[in-house]
Amino acid sequence: MPGAGAIVFLDFDGTITRDDATDAILEAFADPAWLQIEDAWVSGRIGSRECLAAQMALVTASRNQLDRLLDEIDVDRGFATLLDVCAARGVPVHIVSDGFDYCIDRILGRPDLNLLARLTDSCIVSSRLRPEGSRWRATFAHPPEPCAHGCATCKPAAMERLQAAGAVSVFVGDGLSDRYAAMAANVVFAKDKLAAFCDNASIPYMPYGTLAAVAEGIDRLPGAGLRLPRSLSRKVMPSV
Ligand SMILES: [Mg+2]
Ligand SMILES: [Zn+2]
């Protein structure tokens, strides 16, 4: 029974959406000093929690301005297909994001997409963003105390908490903030910077362009691999 016994974790920004909402907010509304903070994160001098807290403190935008920008962010149309495939196979789907609940709710709650209504059984683990006048405040609850990586949202910790016993964990991502999740998952679907990281770190992954391809890959996850003990099933490759 392909796909049974699996659990799917998706990054949000750049994975479910075509563009990164946090980057779009910073590019549009932040003092340019956000780029120096970004460099400090990319070079590993600070973690994403410290990075995002400092960057969001540089944003000045009304709630309306932010909402209008978020309404322009495209969602990968394959996401609905992926949800269909997983629902048909009884595979749980969760979202683990360094990005912000405010953006996720606004984008997935769009009436024309109606995706939030399809995620009532899913956990959405993310950072928190709230307006304070025209300034924005980022806070982080997953976990409440910073993890060893300094993650805004610690994806491997969230995945471990949500993991069902014996299930093959599948992670789908696109960026550098996905690297610890990719190291922890059994099966990885990667594009863009995450694919480059996996290449460098010799982490096996399935390259993908859109979530429709990921849905196909999940549909073909080998049943045999799913029955292996957890120690042996690490990095099971879908037979696509
Ligand atoms: Mg991303
Ligand atoms: Zn972490």
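# Report on a predicted model with two metal sites

Both Tyr102 and Trp136 are buried in this structure. The structure is a predicted model, and this report goes through its aromatic pair, metal sites, cysteines and sheet in turn.

## The aromatic pair

Tyr102 and Trp136 belong together here, as the structure holds one aromatic pair. The ring centres of Tyr102 and Trp136 are 5.2 Å apart and their planes meet at 75°, so the pair is edge-to-face. Tyr102 sits in helix α6 (residues 101–108) and Trp136 in strand β4 (residues 135–139), so that the pair links distant parts of the chain, 34 residues apart.

## The zinc site

The zinc ion (ligand 2) has four protein donor atoms: SG of Cys147, ND1 of His149, SG of Cys151 and SG of Cys154. These donors lie 2.1 to 2.3 Å from the zinc ion. Along the sequence, their spacing is C-x1-H-x1-C-x2-C. The angles subtended by the four donor atoms run from 100 to 124°, and the arrangement is therefore tetrahedral. As a reference, the ideal angle for four tetrahedral donors is 109.5 degrees.

Two of these donor residues can be placed by their accessibility. His149 has 32% relative accessibility, so it counts as partly exposed. Cys154, in contrast, is buried, with a relative accessible area of 4%.

## The magnesium site

The protein donors of the magnesium ion (ligand 1) are Asp11 (OD), Asp13 (O) and Asp174 (OD). They lie 2.1 to 2.2 Å from the magnesium ion. The spacing of the donor residues in sequence is D-x1-D-x160-D. Asp11 and Asp13 are each buried.

## Cysteines without disulfides

The count of disulfides comes to zero. Cys103 is in no disulfide, and the nearest cysteine sulfur, in Cys51, is 15 Å away. With a relative accessibility of 1%, Cys103 counts as buried. For Cys123, the closest cysteine sulfur is that of Cys86 at 15 Å, which is too far for a bond. Cys123 has a relative accessible area of 32% and is therefore partly exposed.

## The sheet

Seven strands form an open sheet in the order β4-β3-β2-β1-β5-β6-β7, and the pairing is mixed. β4 and β7 (206–207) are the edge strands, each pairing on one side only. β4 is also the strand that carries Trp136 of the aromatic pair.

The table lists three of the strand pairings.

| Strand pair | Direction | Number of bridges |
|---|---|---|
| β1 (residues 6–10) and β5 | parallel | five bridges |
| β5 and β6 (residues 187–190) | parallel | four bridges |
| β6 and β7 | parallel | two bridges |

Single bridge partners show how these strands are set against one another. Leu10 has Val172 in β5 as its bridge partner. Val172 in turn stands opposite Phe189 in β6, and Phe189 has Met206 in β7 as its bridge partner. Another partnership between β5 and β6 puts Val170 opposite Val187.

β5 (residues 168–173) is mostly covered, with six of its six residues buried. In a regular strand, side chains alternate between the two faces of the sheet. In β5, Val168, Val170 and Val172 point one way, while Ser169, Phe171 and Gly173 point the other way. The residues on either side of β5 are all buried.

β6 is likewise covered on both faces: Val187 and Phe189 lie on one side, Val188 and Ala190 on the other, and all are buried. From β6 the chain crosses through helix α9 (residues 192–201) to β7, in a right-handed β-α-β crossover. A right-handed β-α-β unit is also made by β5, helix α8 (residues 179–184) and β6.

## A loop glycine

Where is Gly47 found? Gly47 lies in the loop between α2 (34–42) and α3 (48–56). Its relative accessibility is 14%, so Gly47 counts as buried. Along the chain, Gly47 and Ala185 are 138 residues apart, and their C-alpha atoms are separated by 21 Å.

Terms used
Residues numbered from 1 in each chain as written. Chains lettered and ligands numbered in written order. Predicted model: local features only at pLDDT ≥ 70, side-chain atom pairs only at ≥ 80, totals over all residues. Heavy atoms only, no water. Donors = N, O, S within 2.8 Å, 3.2 Å for Na, K, Ca; no water. Tetrahedral: all angles 85-135°; square planar, octahedral: opposite > 155°, others 65-115°. Buried < 20%, exposed > 50% of the residue type's maximum accessible area, 1.4 Å probe, protein only. Phe/Tyr/Trp six-rings, centres within 6.5 Å; stacked < 30°, edge-to-face > 60°. Disulfide = S-S within 2.5 Å. Pairing = 2+ DSSP bridges. Right-handed = clockwise from strand over helix to strand, strands pointing away.
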